[in-house]
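The following exercises are meant for a reader who meets this structure for the first time. Each task is followed by a solution in steps.

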Amino acid sequence: MTSQDNMPMTRAEKKQARRIRRFDNPWINPKLIWGAALLLGIVAIGIIGRFVWNLDLVFTGSAPLKLPPIGFENLRGQPGVLDHPLGTDGGGRDMLSLIIIGAPNTLFVGLLASLIGMSIGIFLGFSAGFMGGRTDDVIRVGADVMITIPPLLILVVFQSAFGDVSLTMMALLIAGFVWQSPTRLIRAQVLSMKQSGYVQMAQLSGASTSHIMFREMLPNLVPYLFGSFIASVTTSIVTAVGLEVLGLGPQRIPTLGRTIYEAINAGALIQNLWWWWGIPTLLLGIIFIGLLLINLGLDEVSNPRLRKLS
Amino acid sequence: MGRIPRDYLINRLVTLVLTILIAATIIWIIPRLSPVDPAEIALGRMAAGAGSVANSEEILAQLRANMGIDQPLIVQYFKYISGALVFDFGLSTAAFPTPVSTLILNALPWTLGLMILSLLITFVIGNLLGALMVWDRSPKLVRVAIPAAMVFTSIPPILSGLLLMWIFAAKLQWFPLTGAYSIFVEPGWSWSFVQSVLHHGFLPALSIVVVTFGFWALGMRGLMIGVQGEDYVKLAEAKGLRPRYILYRYMIRNAILPQITAFALKIGLLIAGQVLVERIFAYNGMGKLLYDAILNQDFPVIQGVSYVIILITALSVFLVDLLYPFIDPRIRHEAA
């Protein structure tokens, strides 16, 4: 053994050694884990809450008005009570039950819209990149055109024309606006992959188009697809919350955005009812930060150079 | 057009025209698919004002004729499209008989002003911070603090707006809660009016700035890493130029250019976010106009506002695409 082994390892070296010990699995990185934990926390609130909390309190007038969270006092000098640990809103609804129902709803819209949008994007991106020619032209121009149209404004027109929409309907509508970026991304990747050796090898060996698409190319796209998926979840939730804050979106189902809308309209800011708008805002903040962390973590998965930097 | 190849220009122009046409068409089709009859809404508004309305059938027919919805769909469509080209969206139903274009013209300067101001601030701050994150002479605090602040960039401006509004307007009362200028000031080119506008605009602008600067900073960080190792930077260092001079004139100058294209992709989201900020601050721009129109079911205004905002977005993207080779001579347009 030489003297090198006796030298104390620097921090970077130790980190490197730890990384090698767990087989350098890029999927296990702190950003990804923290991000996923934040989102799972929101889901957990929704699931556990349904079992331990009385959800009838979500109806208007089922609780005293404008009670503060425990440990605080509202302007009328009422203290928070244990029956409503997060306080109540101006319509007499329990904030905790609003969150238990509302927060998962927000995630649901984001996930459903992006799942549909991604599926469209994968299909169109592969078709454009693979077939080329006319198909490619149409899809490329279509994606270019749609990418500049802000979804919020089209959906504002839609929802004000149709009035109340269901949560699923809103997700479907948003899905119509989150397929463009994945389409462009996948098309570009497919075009460059088509030139790579293993795809040409598969083509030469007579593999079918669908085999090349889904067995040879798709697995290599997984980190990109995940990243693109998370980005469209963010866009979808931003759009959904935007609609809800404008008073559109589902009218009878509690969502975080609608709670904020009602709070602003009731003048909660001036009346110092901070828990009414603050708690939904905080939860939305957690959702967005969770999504950002996951996205940064996924960047490290797909771009190994970034791993050295952090 | 000098350096811009014709194919590229035609390609961009087609995309621009298609974008506007498709957006205008979608906006037109949607209300026609809806079971809601605008004439009945108008009648309902009358009835609400007058208590009861006699001869409602005749009034409905007349209203339909006024709104032009008794004509064949194809005629309606071409009338609408040719109107939209000259920004004629008909009359507002809630603020009858004000033309929609007048309402939009009154709101537009506020929106554009707020947008340009906050964009300039974020662009400068974001890019500077992004550059400092990479620069090897920046203080350690900067390199640790900025990535931490980056967490906020995932948050839409409406949430930061609420928070800032509560802290600085409701609690500390340093800034007014809502509006674009004080109701006690006569609008005009007086110092007190300008002061009032700046005072009112500060919080809306800040709420956009705090959540968007990170987008630029992140992009700049990536670009600076690329520029850092370039030969011309090493040469400048070897020549003994001042580090600050190298940072500004050699590194940032070269790294900043692709950021301008990033702007083109982001502008749609920025405008949509700003519309919401205007709504919560009741700022006199397009956002408030849109929100009031939604409340009043004022369809011509909703259509007009959506159309104009989409138009602004599409035009900005088009301009950025065209101007880019003039800003960055390294880029040659290729006919895509």
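**Exercise 1. Determine what share of chain A is buried, and describe how its contacts are spread along the sequence.**

Solution. The model is a predicted one. Step one concerns burial: of the 310 residues in chain A, 45% are buried. The cut-off behind this step is 20 or more other C-beta atoms within 10 Å of the residue's own. Step two concerns contacts: when pairs at least 6 apart in the sequence of chain A are considered, 74% of the contacts link residues at least 24 apart.

**Exercise 2. State the secondary structure of chain A and decide whether the chain is spread out or compact.**

Solution. First, count the elements: chain A contains 12 helices and zero strands. Its pattern along the sequence is accordingly α-α-α-α-α-α-α-α-α-α-α-α. Next, compare the radius of gyration with the globule rule: chain A has a value of 24 Å, well over the 19 Å that the rule gives for 310 residues, so the chain is more spread out than a compact globule. Finally, consider the dimensions: along the principal axes, the C-alpha atoms of chain A occupy a box of roughly 75 × 65 × 35 Å.

**Exercise 3. Locate the annotated transmembrane regions of chain A and examine two of them in the model.**

Solution. Begin with the record: an unreviewed UniProt entry assigns the annotation "transmembrane region" to residues 32-53, 107-132, 152-179, 221-243 and 274-298 of chain A. Then take residues 32-53 of chain A: this span is 95% helix and 0% strand, with its end C-alpha atoms 30 Å apart. Turn next to residues 152-179 of chain A, where the end C-alpha atoms are separated by 15 Å and the chain is 71% helix and 0% strand.

**Exercise 4. Describe chain B in the terms used for chain A.**

Solution. Start with the elements: chain B has 13 helices and zero strands, and its sequence reads α-α-α-α-α-α-α-α-α-α-α-α-α. Continue with the box along the principal axes, which for the C-alpha atoms of chain B is roughly 90 × 55 × 35 Å. Burial follows: 36% of the 336 residues of chain B count as buried. Lastly, among contacts of chain B between residues at least 6 apart in sequence, 70% connect residues at least 24 apart.

**Exercise 5. Compare the reach of helix H4 of chain B with its expected span, and identify what follows the helix.**

Solution. Helix H4 of chain B covers residues 73-85, which is 13 residues. From first to last C-alpha, H4 of chain B reaches 18 Å, close to the 18 Å expected at 1.5 Å a residue. After H4(B) comes B:Phe87, which has a positive phi near 60°.

Terms used. Residues numbered from 1 in each chain as written. Chains lettered and ligands numbered in written order. Predicted model: local features only at pLDDT ≥ 70, side-chain atom pairs only at ≥ 80, totals over all residues. Helix = DSSP H or I, 4+ residues; strand = E, 2+ residues; numbered from the N terminus. Expected span 1.5 Å × (residues − 1). Rg over C-alpha atoms; globule rule 2.2 N^0.38 Å. Buried ≥ 20, exposed ≤ 12 C-beta atoms within 10 Å, placed from the backbone. Contact = placed C-beta atoms within 7 Å. UniProt positions renumbered as here; feature names shortened; annotations may be inferred.
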